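Open the structure in your viewer and keep the selection tool at hand. Each stop below gives something to select and then says what is there.

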Amino acid sequence: MYPIHVNLSGKTVVVAGGGLVAYRKIKDLLNEEAKITVISPVVVKEIQQWHTEKKLTWIEREVKRADLEEAFLIIAATNSKEINSWIAEQTSPKQLVNVVDQPDLGNFIVPSVVKRGKLILSVSTSGASPSLSKSIKKELQQKYSEDYETYLDFLFQCRSIFKKEFPEKYRKDLLTKLTDQSFLYDVEKQRSYKQELLKILEPKLVNEPINE
Ligand SMILES: C[C@@]1(CC(=O)O)c2cc3[nH]c(cc4nc(cc5[nH]c(cc(n2)[C@H]1CCC(=O)O)[C@@](C)(CC(=O)O)[C@@H]5CCC(=O)O)C(CC(=O)O)=C4CCC(=O)O)c(CCC(=O)O)c3CC(=O)O
Ligand SMILES: NC(=O)C1=CN([C@@H]2O[C@H](COP(=O)(O)OP(=O)(O)OC[C@H]3O[C@@H](n4cnc5c(N)ncnc54)[C@H](O)[C@@H]3O)[C@@H](O)[C@H]2O)C=CC1
């Protein structure tokens, strides 16, 4: 299982089934600006609500082959083992396919995730124990506070400036220093560092080492 983080913006996502498992997967997919279609005769009320709010499209019937053709990513989440296997058979090897009750029939599985802005911590047990993934996620939620969101934005901004303005050989050192965590809970320190950085970005200094 090779872990990757996929950009789903603008991609077509098809979810077959509208029960609790489909709901859980869709809840996270909604943050990704994907075009989500749910195909299911019955859905939980939250999915119905999202359809009303135009956050996704719900097609109120059983899944057909043609529904799957244009999808970049497919989640087979019906409560029928046979239907879920049939969905997997209809897909092309070029599509991303998750089968919630028979993971081996698909080509990806969904991890447990903690998000703190740009920080994404994902946990998988390669399908061995989703419950353990969930409990490790809870430990990570405790350890990685909401402060990481601001901190990551700070690191991102500094890194963008470094990448644009400083020669490559100095960047790694500079960036490593910022991750010593002394900045993490200190928003004021982040702010004044950024100010200092902007000061030294005067053109005459740009190609000079800033730590000398
Ligand atoms: C392989 C995988 C495929 C996939 O779904 O992508 C898969 C498969 C299966 N799950 C089953 C059961 C449960 N799944 C959960 C929970 C989660 N399951 C998730 C992912 C995955 N589940 C993928 C592997 C992840 C990994 O590598 O660890 C999470 C992490 C992500 C998400 O779904 O969003 C989410 C936690 C979300 C959170 O963090 O909150 C719970 C606990 C609960 O619901 O509280 C239970 C009951 C307890 C138990 O069984 O452990 C069953 C048996 C069904 C049956 O008995 O019929 C199968 C089928 C099988 O194993 O064959
Ligand atoms: N991967 C995971 O994390 C987990 C997977 N599971 C598995 O996931 C399956 C689904 O679980 P729930 O969502 O709780 O079931 P559920 O019974 O709440 O929902 C099933 C949904 O599938 C729809 N459906 C049935 N036939 C269909 C068809 N031909 N076309 C389209 N939609 C159809 C139903 O209308 C319903 O909306 C379970 O059978 C279980 O084996 C269960 C727990 C966790």
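The tour goes from the whole chain to the strands, then to the ligands, and ends with single residues.

**Stop 1: the whole model**

Show everything and, if your viewer allows it, colour by confidence. This is a predicted model. The protein chain has an average pLDDT of 92, and 95% of its residues score at least 70. For the complex, the predictor gives an ipTM of 0.97 and a pTM of 0.92. Keep one caution for the rest of the tour: where pLDDT is low, the predicted coordinates should not be read in detail.

**Stop 2: the domains**

Select residues 1-110 and give them one colour, then give another to residues 147-205. These ranges are domain 1 and domain 2 in the domain assignment of the protein chain. How far apart are the centres of domain 1 and domain 2? Taken over C-alpha atoms, the centres are separated by 40 Å.

**Stop 3: strand β1 and its partners**

Select residues 12-16, which form strand β1. Is β1 largely enclosed by the rest of the structure or largely open? Four of its five residues are buried, so β1 is largely enclosed. The cut-off behind this is a count: a residue is buried if 20 or more other C-beta atoms lie within 10 Å of its own.

Add residues 35-39, strand β2. β1 and β2 run parallel and are joined by five bridges. To see one pairing, pick V14 in your viewer and look across to T37, its bridge partner in β2.

Now add residues 20-29, helix α1. Together, β1, α1 and β2 make a β-α-β unit, and this unit is right-handed. Follow the chain from β1 through α1 to β2 to trace the unit.

Then add residues 73-76, strand β4. β4 also runs parallel to β1, with four bridges joining them. Here the pair to pick is A16 and A76, the latter in β4, which stand opposite each other.

**Stop 4: ligand 2**

Select ligand 2 and show the residues around it. The shell holds 22 residues, and the closest are G17, G19, V21, V100 and D101. Which helix gives the most to this shell? Helix α1 does, with three residues. By class, the shell around ligand 2 has 13 nonpolar, seven polar and two charged residues.

**Stop 5: ligand 1**

Move to ligand 1 and do the same. There are 20 residues around ligand 1, and those that come nearest are V110, S112, S124, G127 and P130. Helices α1 and α5 (130-143) each supply at least two residues of this shell. The largest share comes from α5, with five residues. Sorted by class, the shell around ligand 1 has six nonpolar, nine polar and five charged residues.

**Stop 6: the hairpin of β6 and β7**

Select residues 112-116, strand β6, and residues 119-123, strand β7. These strands run antiparallel, and five bridges join them. One pair to pick is R116 and its bridge partner L119 in β7. The hairpin has two residues between the strands, and G117 takes a positive phi near 60 degrees.

**Stop 7: two residues with positive phi**

Most residues other than glycine have a negative phi. Select E33, in the loop between α1 and β2. The phi of E33 is positive, near 55 degrees, although E33 is not a glycine. E33 is exposed because 12 other C-beta atoms lie within 10 Å, and the cut-off for exposed is 12 or fewer.

Next select K54, in the loop between α2 (45-52) and β3. K54 is not a glycine either, and its phi is positive, about 65 degrees. Is K54 buried or exposed? With 7 other C-beta atoms within 10 Å, K54 is exposed.

**Stop 8: two lysines**

Select K27, in helix α1. K27 counts as exposed because it has 12 C-beta neighbours inside 10 Å. Use the distance tool from K27 to T78, which lies 51 residues apart from K27 along the chain: their C-alpha atoms are separated by 16 Å.

Last, select K64, in the loop between β3 (57-59) and α3 (65-68). K64 has 12 C-beta neighbours inside 10 Å, so it counts as exposed. K64 and Q90 are 26 residues apart along the chain, and their C-alpha atoms are separated by 9.6 Å.

Note on methods: Residues numbered from 1 in each chain as written. Chains lettered and ligands numbered in written order. Predicted model: local features only at pLDDT ≥ 70, side-chain atom pairs only at ≥ 80, totals over all residues. Pairing = 2+ DSSP bridges. Right-handed = clockwise from strand over helix to strand, strands pointing away. Near = placed C-beta within 6 Å. Nonpolar A, V, L, I, M, F, W, Y, C, P; charged D, E, K, R; others polar. Domains from an automatic or database assignment. pLDDT = per-residue confidence, 0-100.
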